[in-house]
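Open the model in a viewer with a selection prompt at hand. The stops below go from the sheet to the metal site and then to the last helix.

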Amino acid sequence: MTQALDHLFANNRQWAEQVKAERPEFFAQLAKQQTPEYMWIGCADSRVPANELIGLLPGEVFVHRNVANLIVHSDLNCLSTLQFAVDLLRVKHVIVCGHYGCAGVRAALDDVRVGLADNWLRHIHDLRRVHSRWIEKFPPEMRADKLCELNVIEQVVNASQTTVVQDAWARGQDVAVHGWVYRISDGLLHDMGMSVGQPEELVDLYRDFFKREG
Ligand code: ZN
């Protein structure tokens, strides 16, 4: 059955040769160390590949992805990845990137059962419940997009409130958390205006989002 995947190995050999032809030292240098400036926390959706859509090569962005780009306070996987990025790699930017048309967000909005992942998506159900009045101000066709944006804003708050980021700020480390949303249909990123570089900025930026968004 592995023959069914032969084309992936062929692709890989072709890619490695192409990179080496363009930059002969690339892999040798990369093997020695990674020094990414950016961490990406995004959705696992196959249409949202972190490196490609921000035009970065291997070694330039440290990536964590899960369903609906959630940063859950007790998720050891996400927290460990964040801690590694901030404490050891000393990334300067943590980018939380959602995307319009997210199936996880949509399922939470429409109360659609998808299976085990319903328990993970419960975090978005909670957001929807807490902010139901805000969401219902928008016409039904806009609500999924608005919940995607709100989810990113809330995950920026969650990332900023982790002990990892709080401790980094307390020791004067230069690291900021940003909230973006990607639109699959045109390939463009949208800045949600939520870039937190200091703990005291968080409350105002959060409030500003709701002011801007009515
Ligand atoms: Zn998604």
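Helices (H or I, at least four residues) and strands (E, at least two) are DSSP runs, numbered from the N terminus. Residues are numbered from 1 along each chain as its sequence is written, and side-chain values use heavy atoms, with hydrogens and water left out. This is a predicted model: local features need pLDDT of at least 70, side-chain atom pairs count only at pLDDT 80 or more, and totals for chains, interfaces and linings use all residues.

**The sheet**

Start with the strands, displayed as a cartoon. Five of them form an open sheet with mixed pairing, in the order β2-β1-β3-β4-β5; two strands pair if DSSP finds at least two bridges between them. At the edges are β2 (61-66) and β5 (188-196), each of which pairs on one side only. From one strand to the next the twist averages 20 degrees. Axes here are lines fitted to C-alpha atoms, for helices over the stretch in contact, and angles run from 0 to 180 degrees between N-to-C directions.

Select 38-43, which is β1. It pairs with β2 in the parallel sense over six bridges, and Tyr38 stands opposite Val61 in β2. Now add residues 76-88, helix α4. This helix packs on the sheet and touches β1, β2 and β3 (93-99), where contact means heavy atoms within 4.5 Å. The direction of α4 makes about 170 degrees with that of β2.

Move to β3. How many bridges join β1 to β3? There are five, and the two strands run parallel. Trp40 has Ile95 in β3 as its bridge partner. On the other pairing, seven bridges join β3 to β4 (residues 176-183), again parallel, and there Ile95 stands opposite His178. Six of the seven residues of β3 are buried, so this strand is largely enclosed by the rest of the structure. Buried means under 20% relative accessible area, exposed over 50%, and partly exposed in between (1.4 Å probe, protein chains only).

Select β4 and β5 together. These two pair in the antiparallel sense over seven bridges, with Gly179 opposite Met194 in β5. The hairpin they form has four residues between the strands, and in it Gly187 takes a positive phi near 75 degrees.

**The zinc ion**

Select the zinc ion and show its surroundings as sticks. Which protein atoms are its donors? They are Cys43 (SG), His99 (NE2) and Cys102 (SG), lying 2.1 to 2.3 Å from the ion. Donors are N, O and S atoms within 2.8 Å of the metal (3.2 Å for Na, K and Ca); water is not among the atoms, so sites may look incomplete. In sequence the donor residues are spaced C-x55-H-x2-C.

Colour these residues by accessibility. Cys43 is buried at a relative accessible area of 5%, His99 is buried at 1%, and Cys102 is buried at 4%.

Next, pick Asp45, in the loop between β1 and α3 (50-53). Asp45 is buried, with a relative accessible area of 16%. Leaving aside neighbours within four places in sequence, Asp45 is in contact with Arg65 and with the zinc donor His99.

Then select the cysteine sulfurs. A search of the whole structure finds zero disulfides, a disulfide being a pair of cysteine sulfur atoms within 2.5 Å. Cys97 is in none; the nearest cysteine sulfur, that of Cys43, is 9.6 Å away. Cys97 is buried, with a relative accessible area of 1%.

**Helix α10 and the loop before it**

Select Glu200, in the loop between β5 and α10. Is Glu200 buried or exposed? At 57% relative accessibility, Glu200 counts as exposed. For a distance label, take Glu200 and Lys20: they are 180 residues apart in sequence and 46 Å apart in space, C-alpha to C-alpha.

Continue to residues 202-212, helix α10, where Leu202, Leu205, Phe209 and Phe210 are buried. They cover an arc of only 140 degrees around the axis, which puts them on the same side of α10; the arc is that of the directions from the helix axis to the C-beta atoms. The cover over these buried residues includes α7 (132-136), α8 (143-160) and β5. Rotate to the face turned away from the buried side: Val203 and Lys211 are exposed residues there.

The last stop is Gly214, which follows α10 and has a positive phi, near 80 degrees.
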